[in-house]
Amino acid sequence: MMRLFPIKLKTYLLMTNAISIAVILGFLFFCYSRMLLDVSTLYWLGGATLLAGALSFVLNFVLIRPLEKSVTRIGDVAGDIASGKLGMEVPIVGPTEFRQLAERFNSMSRQLKASFEQIQQSENSRRELVANVAHDLRTPLALLQSHAEAIQDGLVQEEERHKYLQTIRLEAIRLGALVQHLFELSRIDAGQEPFVPHRVALEDVLVQTLNAFAPSLEKKNLQVNVQLPEHSPIVLSMETYLRRILGNLLDNAIRHSPIGARLVFSAEYGLNDELIIRLEDEGDGIAELDRERVFERFYRTDHSRKRDGSGSGLGLAIARSLVERQGGRIGVNPAERGGSVFWFTVPSEETSHLRGSKDE
């Protein structure tokens with residue numbers, strides 16, 4: 001196989017121009033050798049060819065320089081990207097082909113940067129997740145170990161034995177809940193949670209959820225107000241999904257509400273055939289910087305850490321995963337009288353019916 005020596009673009013194009021001039025001169029000498037041209041005509045045509053070639057050489061040299069700079073610039077930026085300087089772009093100049101090349105190169109650079117940032121964010125989230133899991137496991141495990149050793153070594157008085165055993169039981173329950181939540185998240189992320197939406201009455205699921213949390217509500221003397229549309233909303237979801245979402249939001253509201261506070265469940269029809277469900281509490285509220293992160297795994301605000309360590313930090317993350325699994329949105333806003341308003345959307349078959357009635 002013939003191996004070509006590497007040459008620059010400018011040199012290659014100028015060599016092409018010189019070869020074309022040489023071909024023309026060779027053709028003139030061929031015509032002269034065949035006596036198709038006389039000496040005078042040969043000189044005139046040869047001189048004209050050399051003059052035109054010289055002008056063409058100069059013009060090519062001048063016109064090729066911007067193209068050479070564009071190619072060199074792309075090569076330099078490609079080298080910078082290879083060395084880790086992501087997101088760099090080249091100017092879009094020159095002929096159509098070079099402009100298309102520059103546009104595609106810039107698009108590739110942007111996509112590469114976005115992909116790298118996504119990978120970096122995923123890696124940071126993974127590290128944070130591991131650190132948070134270790135933090136949430138270390139404390140109860142140390143407590144279980146110390147209490148068990150104290151009982152085993154006979155350091156606990158008989159009247160305190162029940163208290164120690166109760167603490168061990170509660171910490172074991174907490175660890176079990178944490179493991180169960182991690183298992184649920186892994187199943188949702190892996191797509192192993194079946195999702196077959198059907199007609200679900202929101203009122204029925206809400207009553208079941210409130211009954212399940214009745215002891216927790218009574219323990220803190222919390223009042224719950226429910227404000228639903230006149231006709232009981234029918235949503236397109238799975239009853240288990242909806243119950244878990246409402247339960248996780250309600251559990252979070254209970255843990256962060258003061259004794260004797262009020263919780264308000266409300267729902268209204270929104271756009272795009274969806275129902276907006278809200279839960280308002282009277283807690284300390286969430287800082288603006290924390291609102292974007294409260295749905296992350298193991299993320300807790302300072303207030304929640306100080307007030308109650310019973311939460312796993314996964315309830316809101318599970319709620320978000322389930323809401324997004326059924327094509328909805330979830331978020332949190334500040335309440336008018338203090339506290340927070342958690343909301344999420346779920347597809348509804350009632351919206352299109354109500355719109356049709358209004359149009360008539």
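**Exercise 1. Proline 66**

Is proline 66 buried, partly exposed or exposed, and what is its relative accessibility? Determine also where proline 66 is found.

Solution. The structure is a predicted model. Step one is the accessibility: proline 66 has a value of 46%. Step two is the comparison with the cut-offs, where buried means under 20%, exposed means over 50%, and partly exposed lies in between. Proline 66 therefore counts as partly exposed. Step three is the location: proline 66 is found in helix α2, which covers residues 39-82. As a last step, consider its distance to glycine 94: the two C-alpha atoms are separated by 7.2 Å, with these positions 28 residues apart along the chain.

**Exercise 2. A nonpolar patch on the surface**

Identify the residues of the nonpolar surface patch that includes Val62, and classify valine 62 by accessibility.

Solution. The patch is formed by Phe57, Val58, Phe61 and Val62. Together these residues have about 350 Å² of accessible area. Valine 62 is found in helix α2. Its relative accessible area is 52%, and the cut-off for exposed is over 50%; valine 62 is therefore exposed.

**Exercise 3. Salt bridges**

State how many salt bridges a search of the whole structure finds, and examine the pairs glutamate 89 with arginine 110, glutamate 239 with arginine 243, and arginine 293 with glutamate 296.

Solution. The search finds six salt bridges.

- Step one: the side chains of glutamate 89 and arginine 110 meet at 3.0 Å, N to O. Glutamate 89 lies in the loop between α2 and α3 (96-152), while arginine 110 lies in helix α3, so this pair ties together parts 21 residues apart in sequence. Glutamate 89 is partly exposed at 35%, and arginine 110 is partly exposed at 44%.
- Step two: in the bridge of glutamate 239 with arginine 243, the closest N and O atoms are 2.7 Å apart. Both residues belong to helix α7 (residues 239-255) and stand four residues apart, which means a separation of about one helical turn. Glutamate 239 has 30% relative accessibility and counts as partly exposed; arginine 243, at 31%, is partly exposed.
- Step three: arginine 293 and glutamate 296 meet through their side chains at 3.0 Å, N to O. Arginine 293 is partly exposed at 28%, and glutamate 296 is partly exposed at 25%.

**Exercise 4. The aromatic pair**

Find the number of aromatic pairs, and explain why the pair of phenylalanine 295 and phenylalanine 342 is assigned its geometry.

Solution. The count comes to one aromatic pair. The ring centres of phenylalanine 295 and phenylalanine 342 are 6.0 Å apart, and the planes stand at 80°. Centres must lie within 6.5 Å for a pair, and planes over 60 degrees apart count as edge-to-face. The pair is therefore edge-to-face. Next, place the two residues: phenylalanine 295 is in the loop between α8 (288-291) and α9 (302-307), and phenylalanine 342 is in strand β7 (residues 340-347), so the pair ties together parts 47 residues apart in sequence. Finally, apply the cut-off of under 20% for buried. Phenylalanine 295, at 5% relative accessibility, counts as buried, and phenylalanine 342, at 3%, also counts as buried.

**Exercise 5. The nonpolar cores**

Describe the largest nonpolar core, its principal members and the elements that supply it.

Solution. The general background is that nonpolar side chains in soluble globular proteins tend to be buried together. The largest core here has 44 residues. Those that touch the most other members are Leu242, Leu246, Leu250, Leu263, Ile277, Phe342 and Phe344. At least two residues each come from α4 (158-189), α5 (202-212), α7, β4 (262-269), β5 (274-280), α10 (315-325), β6 (330-334) and β7. Helix α7 gives the most, with eight residues. A second, separate core has six residues, including Ile74, Ile81, Val90 and Ala102.

The surroundings of phenylalanine 342 complete the picture. Setting aside residues up to four places away in sequence, phenylalanine 342 touches, among others, Leu249, Ile277, Leu279, Ile286, Val294, Phe295, Leu316 and Val332.

**Exercise 6. The chain as a whole**

Summarise the secondary structure, burial and contacts of the chain.

Solution. The chain comes to 11 helices and seven strands. Of its 360 residues, 33% are buried. Among contacts with a separation of 6 or more, 69% are between residues 24 or more positions apart. The accessible surface is about 22,900 Å², of which carbon and sulfur atoms account for 57%.

How values were computed: Residues are numbered from 1 along each chain as its sequence is written. This is a predicted model: local features need pLDDT of at least 70, side-chain atom pairs count only at pLDDT 80 or more; totals for chains, interfaces and linings use all residues. Side-chain values use heavy atoms; hydrogens and water are left out. Buried means under 20% relative accessible area, exposed over 50%, partly exposed in between (1.4 Å probe, protein chains only). Rings of Phe, Tyr and Trp (its six-membered ring) pair if their centres lie within 6.5 Å; planes under 30 degrees apart count as stacked, over 60 as edge-to-face and the rest as tilted. Patches are made of residues with over 30% relative accessible area and no salt bridge: like charges are joined within 9 Å, nonpolar side chains (Val, Leu, Ile, Met, Phe, Trp, Tyr) within 5 Å. Accessible areas come from the Shrake-Rupley method with a 1.4 Å probe; for residues, only the protein chains shown count as cover. A salt bridge is a side-chain nitrogen of Lys or Arg within 4 Å of a carboxyl oxygen of Asp or Glu. A nonpolar core is a set of buried Ala, Val, Leu, Ile, Met, Phe, Trp, Tyr and Cys residues joined through side-chain atoms within 4.5 Å. Contact means heavy atoms within 4.5 Å.
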